[in-house]
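Look at the structure below and keep it in view while reading. The text goes from one residue to the pair of chains and then to the DNA.

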Protein chains: 2
Amino acid sequence: MKKKVNIKDIARLANVSHTTVSRALNNKSRIRPETKEKILSIARQLNYRPNFIARSLVMRRTKTIGLVITTIANPFYTELSQGIETTARQLGYNIIFCSTNYDLETEKQYIEMLRSKGVDGIIFTSAHIGDPNIVELAEEGFPIILVNRRTYHPRVKERVDYVGVDNHLGGYMAVEHLIRLGHQRIGVVGGSSESSVGFERLEGGKKALEAYGIEQREEYFLGGNFLKESGYQGGKRFLQMVEPPSAIFATNDYMAIGLYQALVEEGVKVPEEIALIGFNDIELSGIKGIDLSTIGQKKFEMGTIAVELLVKRIEGGESGPPKEILLKPELVIRKTCGYYLKGYQKESECLNGVSFKVYPPS
Amino acid sequence: MKKKVNIKDIARLANVSHTTVSRALNNKSRIRPETKEKILSIARQLNYRPNFIARSLVMRRTKTIGLVITTIANPFYTELSQGIETTARQLGYNIIFCSTNYDLETEKQYIEMLRSKGVDGIIFTSAHIGDPNIVELAEEGFPIILVNRRTYHPRVKERVDYVGVDNHLGGYMAVEHLIRLGHQRIGVVGGSSESSVGFERLEGGKKALEAYGIEQREEYFLGGNFLKESGYQGGKRFLQMVEPPSAIFATNDYMAIGLYQALVEEGVKVPEEIALIGFNDIELSGIKGIDLSTIGQKKFEMGTIAVELLVKRIEGGESGPPKEILLKPELVIRKTCGYYLKGYQKESECLNGVSFKVYPPS
DNA sequence: TATTTTGGTGTTAACGTTAACGCATTCATT
DNA sequence: AATGAATGCGTTAACGTTAACACCAAAATA
């Protein structure tokens, strides 16, 4: 590998100082057009590539941001990541990818790493509900943003931006949909207890039960961890009950799919015998053979907004109080809730005012 | 944000020179244990965090590698990425994530970026068959590795490592499986023509037809681009034929799923009327309701090997001729080929010697 | 005891870039 | 014509770290 050319090499050939070269390259003012052209042409000839490391050292900016994710195994995060990466690129930033596998210690190590490497900010897509690492960053004033999951810690709330879907409303919509389709015995598989998202969806669901005057049975609320396997387990447990629920709300699609597996395995017909609704509308849910009804959210857009907000904070365009952006969820009606079984074909028969999409049976 | 502490701050407090601090921090020799302890304890107290940028500048190493992917939308890449990220972390490297969306120009820009930021090496997971960007890097001797897809360019072949599955064999196995189940009219949906992977799988498939003396019909070989939609299109086209194939090999699962959609939409029963086999064994394929028979490959392991190999090159542990590592594919029998319909339950009735997995009907 | 090795430390110079400042020269304004 | 402002550069000093070298004292060897 031959030696790389730097601005001093260019300076020598152009008979100017290296500062002038820097000025030309970063098209600053106070430089004669001819000099600039000359320098630029020499740079091109030498195939000059700026050294961002040196630049970062003096500018204290790396144009790099960290992305912390629990695991990309959950397809929800891959869709979110696409929005993040695409937008970051457009704004001239690169993404350092970190998956923590749900481990706070790993997260901490990653944060150390990222900060050592001088990232300008960090995106957290799966904050623990009281994540100490995030509290620390927030208190220090380091630019971060919470996406999807949030932290309820007061000092975080008053300092850092958040983008997510309105999970409370989404949970409400999911359960309401089941209720309107005539269900009274409604089971829920929750997300991990450290997740704001799971908590809020569950709360929303309960609110719906309340609103429609349906009794809440303790045994119908199962814990989960957002992974497929835990949905599967939940399904099995429901089926072991003397009186299983007639409809189930899994607080994310990934678990819903797992739950679906369990039901199929036990020979239960969906939606004839048990109705099922998820949350997220991951790509998989729309596949024929699955056709999961669910609550949709604009994942790509969420990623886009997150990056835009963070970059604004980084570049100083925004220094006001933290923003809290809640995207509207959307009811996505497919086949696992029995909407079509009931003979409904038009939204008006079953819904009022909520935003939704209907995929007619093929 | 308060000022960050650096080694000079520590030096001042410890009454030593900053070089000594550096020695202590990087536990080099030639330092008195007491001095070292003292420095380390002060560093801890001040919550010192090393500045990797400064270090990178002088060491010409960033402990960062670039990962170039077409799109993470294809689940195959997410599984691969997990192996890559996990291993990188273990070896002390971070990953800068770049998705090119199949665009060579974007790829080029990313490479520029990555090199400007001083990454130590780059992993390419989806090289175009004659990718000029890669040729350039190879010629320059910059550390890169090809994963999954490769380039046939001679100067790349003689210089850069490659890890992938034996696609030729895999394609052979897929088609052979169909043949053994009695199919004679076998259709193939290929991958994009710029991909070595698609090409090799197709070649393998043709070899199988040849080996079993089955006539190759031109119209049964359809082009594709590895995305779901193109599988869907392929399915529709097959069904419009006067004599559609009785079995189809989609050169990846993602297309197979799309194809499956098309068949279902047209009311075709799989596998009774048309058998279907894919390639990759992505997670989705194993889901009940899909149960796609396919050719499996160890994606996580592929990522692991890639990183290990690249890091060896970077750190100088390996400087011999390029390695070419071909992982063994594995036949994964589920329900879309009709294996169980035929009454087969044991491998021996249908297979000889190939590595495979059977998932019995549930 | 004289000499060499080594252990422990400091000084100085990189690494490649931008920023602050200074100094001519040119241009605009009165 | 005199003055001030703007323009076009160069010089020097950062940024935070590691590396090369030098130095002295202590230990090991002759």
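G204(B) lies in helix 10 of chain B, which covers residues 196-211. The model is predicted. Is G204(B) buried or exposed? A residue is buried if 20 or more other C-beta atoms lie within 10 Å of its own. G204(B) has 25 other C-beta atoms within 10 Å, so G204(B) is buried.

Which residues does G204(B) touch, leaving aside those up to four places away in sequence? They are N167(B), H168(B), L169(B), G170(B), G171(B) and Y172(B). L227(B) can be located from the same starting point: G204(B) and L227(B) are 23 residues apart in sequence, and their C-alpha atoms are 21 Å apart in space.

Next, the two chains. Chain B is superposed on chain A by a rotation of 180 degrees, with 0.0 Å of shift along the axis and an RMSD of 0.0 Å. This is the relation of a two-fold axis. Both copies use the same surface, as 100% of the contact residues of chain B recur in chain A.

The last part is the DNA. Around DNA strand C there are 26 residues, and those that come nearest are N6(A), S22(A), N51(A), A54(A) and V16(B). Which elements give two or more residues to this surface? In chain A they are helix 1 (7-14), helix 2 (18-25) and helix 4 (52-59), and in chain B they are helix 2 (18-25) and helix 4 (52-59). Helix 4 of chain A gives the largest share, five residues. Sorted by class, the surface near DNA strand C holds eleven nonpolar, ten polar and five charged residues.

Conventions: Residues numbered from 1 in each chain as written. Chains lettered and ligands numbered in written order. Predicted model: local features only at pLDDT ≥ 70, side-chain atom pairs only at ≥ 80, totals over all residues. Least-squares fit on C-alpha atoms with pLDDT ≥ 70 in both. Contact = placed C-beta atoms within 7 Å. Near = placed C-beta within 6 Å. Helix = DSSP H or I, 4+ residues; strand = E, 2+ residues; numbered from the N terminus. Nonpolar A, V, L, I, M, F, W, Y, C, P; charged D, E, K, R; others polar. Buried ≥ 20, exposed ≤ 12 C-beta atoms within 10 Å, placed from the backbone.
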